[in-house]
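This report describes the overall build of a protein chain, one helix packing and two pockets. The sequence and structure are shown first.

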Amino acid sequence: MAAPGTRPGPYQREANRVPVTELDVRTADGVMDVYLHTPDDGGGTTPPVVIFYPDAGGVRPVMHDMAAQFASRGYAVAVVNFFYRSGKISFDVGKVWSDPDLRAELMAVMGKAAPALVVQDTAALLEVLAARSDVRADKVGVVGYCRGGLMAFTVAGAIPDRVAAAASIHGGGIATEEPTSPHLRADDLRAALYFGVAANDQSCTPEQQELLTAALDKAGARYELEHYTAAHGFAVADNPSYDAAAAQRHWEQVTALFARELPTG
């Protein structure tokens with residue numbers, strides 16, 4: 001029987017091959033749906049948590065498939081619908097940037113999910129996870145793609161005592177001139193960081209990368225920034241710019257990061 005506030009996740013698919021439970025996380029603005037993928041190991045160990053922030057397309061089957069890959073490596077993976085203020089919605093990433101109406105809708109949805117709000121939501125999620133006996137949430141990993149990469153990096157700086165490792169994959173807006181840019185909290189970071197940067201990515205330009213690395217170096221942060229010869233969106237299989245070789249490289253790098261900083265044994 002599911003615990004109170006949870007129910008079997010609607011995205012359980014044979015391809016995932018891991019259990020999925022939907023959590024209802026109460027926040028200051030409502031109820032955020034979170035999908036917890038757990039290793040199918042018969043309960044032999046208590047897995048550490050990885051919080052998974054989707055790209056701008058939102059929570060959809062490919063995101064669950066990716067979460068399941070992390071879960072198969074021994075993690076409890078919490079896929080966050082940070083668009084929940086607009087409902088349980090997702091966008092076709094193959095169409096959204098070429099369809100003006102669809103893009104306007106996405107921009108409106110993103111406007112209701114500012115990084116500062118996602119930090120608050122994540123803090124509420126961490127409380128829920130800490131109360132569970134079937135996962136380890138004292139120290140967590142975070143990973144995000146595109147818009148989710150911004151969220152992962154932001155959360156690492158905003159909740160440093162809880163985040164042990166953070167990965168931003170083709171993340172956008174991670175270092176800008178805005179006063180809310182997450183690189184300005186570099187001194188607060190405790191996590192080990194990995195940035196997978198796409199080629200010719202206008203959301204993470206060379207100038208922005210310079211801002212980022214200068215701040216991280218000054219703070220003495222532990223990080224790696226790797227350039228990929230692939231376009232923005234390379235790691236996500238339903239994206240037109242998906243690149244299988246680059247995606248495989250990102251899996252190797254992110255799982256190695258988590259293995260070092262958040263061991264499952």
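In what follows, a helix axis is a line fitted to C-alpha atoms over the stretch in contact, and angles run from 0 to 180 degrees between N-to-C directions. The model is predicted.

**Overall build**

The protein chain has six helices and nine strands. Its radius of gyration is 17 Å, close to the 18 Å that the globule rule gives for 265 residues, so the chain is as compact as a globular protein of that length. Along the principal axes, the C-alpha atoms of the protein chain fill a box of roughly 50 × 45 × 40 Å.

**Packing of α3 and α4**

Helix α3, residues 115-130, packs with helix α4, residues 147-158, at an angle of about 65 degrees, and their axes are 9 Å apart. The crossing of α3 past α4 is right-handed. On the α3 side the contact is made by Pro115, Val118, Val119 and Thr122. On the α4 side Arg147, Leu150, Met151, Thr154, Val155 and Ala158 take part. By class, the residues of this contact are seven nonpolar, two polar and one charged.

**Pockets**

The table sets out the two pockets by volume and by the classes of their lining residues.

| Pocket | Volume | Nonpolar | Polar | Charged |
|---|---|---|---|---|
| Largest pocket | about 440 Å³ | 10 residues | 10 residues | four residues |
| Second largest pocket | about 190 Å³ | seven residues | three residues | one residue |

The lining of the largest pocket is made of 24 residues, and those nearest its centre are Ala56, Trp97, Cys146, Ser203 and His232. Helices α2 (100-111) and α4 each supply at least two residues of this lining.

The second largest pocket is lined by Ala114, Pro115, Ala116, Val119, Thr154, Ala158, Pro179, Thr180, Ser181, Pro182 and Arg185. Both α3 and α4 supply at least two residues each to the lining of the second largest pocket. The largest share of that lining, three residues, comes from α3.

The helix packing and the second pocket can be read together. Pro115 and Val119 of α3, with Thr154 and Ala158 of α4, are among the residues that make the helix contact, and Pro115, Val119, Thr154 and Ala158 are also among the lining residues of the second largest pocket.

How values were computed
Residues are numbered from 1 along each chain as its sequence is written. This is a predicted model: local features need pLDDT of at least 70, side-chain atom pairs count only at pLDDT 80 or more; totals for chains, interfaces and linings use all residues. Side-chain values use heavy atoms; hydrogens and water are left out. Helices (H or I, at least four residues) and strands (E, at least two) are DSSP runs, numbered from the N terminus. A crossing is left-handed if the near helix is turned anticlockwise from the far one by less than a right angle, and right-handed if clockwise. Contact means heavy atoms within 4.5 Å. Ala, Val, Leu, Ile, Met, Phe, Trp, Tyr, Cys and Pro count as nonpolar, Asp, Glu, Lys and Arg as charged, and the others, Gly among them, as polar. On a 1 Å grid over the protein atoms alone, a cavity is a set of points where a 1.4 Å probe fits but cannot get out, and a pocket is an open set with protein on both sides within 12 Å along at least five of seven lines; lining residues have an atom within 4 Å of a point. Grid points are joined across faces, edges and corners, and a volume is the space filled by probe spheres set on the points. The radius of gyration is taken over C-alpha atoms; the globule rule is 2.2 Å times the number of residues to the power 0.38.
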